[in-house]
There are 4 protein chains.
Amino acid sequence: MALASWPVSVELPVQWGEMDDFGHVNNAVFLRWFESARIAYFQHLWPERPSGDEVGPILARMEIDYRLPLQYPDTVRCEATVTSLGNSSFHMAYRLFSEAHGGAVAAEGDSVVVMIDYRSGKSVPLTQELRAAIEAVEADS
Amino acid sequence: MALASWPVSVELPVQWGEMDDFGHVNNAVFLRWFESARIAYFQHLWPERPSGDEVGPILARMEIDYRLPLQYPDTVRCEATVTSLGNSSFHMAYRLFSEAHGGAVAAEGDSVVVMIDYRSGKSVPLTQELRAAIEAVEADS
Amino acid sequence: MALASWPVSVELPVQWGEMDDFGHVNNAVFLRWFESARIAYFQHLWPERPSGDEVGPILARMEIDYRLPLQYPDTVRCEATVTSLGNSSFHMAYRLFSEAHGGAVAAEGDSVVVMIDYRSGKSVPLTQELRAAIEAVEADS
Amino acid sequence: MALASWPVSVELPVQWGEMDDFGHVNNAVFLRWFESARIAYFQHLWPERPSGDEVGPILARMEIDYRLPLQYPDTVRCEATVTSLGNSSFHMAYRLFSEAHGGAVAAEGDSVVVMIDYRSGKSVPLTQELRAAIEAVEADS
């Protein structure tokens, strides 16, 4: 089992309107980008839209380190990987690279994703099927 | 002089988080996309960042027709063109194409951009230099 | 029947992060505010969440005139009213007032809302029930 | 010296358009709310807009725990407090309460704010003046 292989990435143009009054991309935009990488990863795990399912993932925690201020114009690449599997949750990490900064890391993040029953709001154990799917995605990198 | 030649375009991935509770890209996101095309156009007119200039463009009016509901995943291409020049303002039009809809038009827009003196807030006439720059961009298409 | 009586309003604080690199509230944020007034109006027409319904409203067109640049800190009040009823659509107008500008109008808008069958994507006629509900909201102002 | 006294709070209506396709307020919106509380705090420290200053605060790190899924309609209150002072940085914590959930905590956060020289990008020590200003804000609660 090999996790943390960074198998999924998305490339996103920095939009001018994502900068705030300080002239840098606003801190909340980075979470949108992380989400885009996370959803791209989720599409491998749940090819059908998960919104109507009875059990699905929710974001329970996010940590983000801002390494570089970003500006328009730029293109960022955001990578995601699952770094560990728990009983009913897993850790997903992110790293964001800036083309305008020569590919340097502009932000790094770590999140906890919990599998819950949407009706009861209770967490549920990761199924063997989901564990295998995550490992298959990580092995594909 | 040939305007309305659609010389500038930007390509943007639809992000999952841009959809709202109706399951479609939220209406306000389309204005962000139009803005990205407008700013790409402005970079031809004002290669330096215009934010510190004493005279610059402001958006005074926008009209938008929503033609198709959009969903993640998709990639949109937004084109911009100047369609007419006034005394102290010009019209810029937009059209947005959806890859997931086979390149169909998903939205169209028209805006009024006014040149103002940022200190006084008053409109100022388009300079000959600016008129020529717009015509050069339109001729380049 | 009296329309255009501006019966619904919402009050919203300007958030610092809604300003862009020009130091003013970004143009797309105004559509978020108009939407908040529109949804507050819709709650009178459809007290239950309409997202699962088979027939419901979609935004087909928006026009907005930006009258004043806005900055943090400020509080805006956005009003909405239905101005005319068509066969399968209606017009909803918006006006936005800025407390920091002494209550002056900062933006005005007009939109076309179409009733559609979400499954077929086709427009459907306004029911008598909906017409009466709109008139009741407008009469309540 | 008493820190962590939660002296600053802002109240914000949940907007319908802040919900995503899962029918909950999108995770990135919480950072916008935390920012609004942080900026309200900063206004006590720097009554003038800090954007043009040569030394100012930047957000270097954020941790957020999502406790409750939120939906429109709701009103949230976000509190901010400085919890510790370092050499050139300080920790600011956040907690977010949901009116629709009877005032329950919907999210908690912790951030690192670094004082930097905007021209050089280098961190600079907290001045005695800034330390005193933070303590005065915390003592005022």
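On the outward side of helix α2 of chain C, Gln128(C), Glu129(C), Ala132(C), Ala136(C) and Ala139(C) are exposed. Here, a residue is exposed if 12 or fewer other C-beta atoms lie within 10 Å of its own, buried if 20 or more do, and partly exposed in between, with C-beta atoms placed from the backbone. This is a predicted model, in which local features need pLDDT of at least 70 and side-chain atom pairs count only at pLDDT 80 or more, while totals for chains, interfaces and linings use all residues. Residues are numbered from 1 along each chain as its sequence is written, and chains are lettered from A and ligands numbered from 1 in the order in which they are written.

## Two helices

Let us stay with α2(C) for a moment. Its buried residues are Ile134(C), Val137(C) and Glu138(C). Looking down the axis of α2(C), these buried residues fall within an arc of 100°, so they line one face of the helix. The arc is taken from the directions that run from the helix axis to the C-beta atoms. The buried residues of α2(C) pack against α1 (27-45), β3 (75-85) and β4 (89-98) of chain C. Helices (H or I, at least four residues) and strands (E, at least two) are DSSP runs, numbered from the N terminus.

How far apart are the end C-alpha atoms of α2(C)? They are 16 Å apart, which agrees with the 16 Å that its 12 residues (128-139) should span at 1.5 Å a residue. The expected span is 1.5 Å times one less than the number of residues.

Helix α1 of chain A (residues 27-45) has 19 residues and reaches 28 Å from its first C-alpha to its last, close to the expected 27 Å. Of these 19 residues, 16 are buried, so α1(A) is largely enclosed by the rest of the structure.

## The nonpolar core

In soluble globular proteins, nonpolar side chains tend to be buried together. The largest nonpolar core in this model has 150 residues. Such a core is a set of buried Ala, Val, Leu, Ile, Met, Phe, Trp, Tyr and Cys residues joined through C-beta atoms within 7 Å. Which residues have the most contacts inside the core? They are Ala37(A), Cys78(A), Ala37(B), Cys78(B), Cys78(C) and Cys78(D).

Two residues are in contact if their C-beta atoms, placed from the backbone, lie within 7 Å. Leaving out residues up to four places away in sequence, Ala37(B) touches Val8(B), Ser9(B), Val10(B), Cys78(B), Glu79(B), Ala80(B) and Tyr94(B).

Over in chain C, Val8(C) lies in strand β1 (residues 8-13). Is Val8(C) buried or exposed? With 24 C-beta neighbours inside 10 Å, Val8(C) counts as buried. Among the residues that Val8(C) touches are Ala37(C), Tyr41(C) and Glu79(C). Val8(C) and Glu79(C) are 71 residues apart in sequence, yet their C-alpha atoms are 5.6 Å apart in space.

## How the chains meet

Two copies of a chain are related by a rotation about an axis and a shift along it. Chain A can be laid on chain C with an RMSD of 0.0 Å by a turn of 180° and a shift of 0.0 Å along the axis. That is the relation of a two-fold axis. The superposition is by least squares on the C-alpha atoms of residues with pLDDT of at least 70 in both copies.

A rotation of 180° with 0.0 Å of shift also superposes chain B on chain C, with an RMSD of 0.0 Å. In chain B, the C-alpha nearest that axis belongs to Glu63(B), 2.1 Å away.

The contact between chains A and C takes 8 residues from each. On the chain A side, these divide into 3 nonpolar, 3 polar and 2 charged. Ala, Val, Leu, Ile, Met, Phe, Trp, Tyr, Cys and Pro count as nonpolar, Asp, Glu, Lys and Arg as charged, and the others, Gly among them, as polar.

Chains B and C give 16 residues each to their contact. β2(B) gives the most to the chain B side, with 8 residues. By class, this side has 8 nonpolar, 2 polar and 6 charged residues. All of the interface residues of chain B (100%) are also interface residues in chain C, so the copies meet through the same surface.

## Unusual backbone angles

Most residues other than glycine have a negative phi, and most peptide bonds are trans. The table gathers some exceptions.

| Site | Feature | Value |
|---|---|---|
| Tyr72(B) to Pro73(B) | cis peptide bond | omega about -5° |
| Tyr72(D) to Pro73(D) | cis peptide bond | omega near -5° |
| Ala4(D) | positive phi | near 55° |
| Trp6(D) | positive phi | about 50° |

Pro73(D) is found in the loop between β2 (55-66) and β3 (75-85) of chain D. Ala4(D) lies in the segment before β1 (8-13) of chain D, and counts as partly exposed with 13 C-beta neighbours inside 10 Å. Trp6(D) is partly exposed too, with 16 other C-beta atoms within 10 Å.
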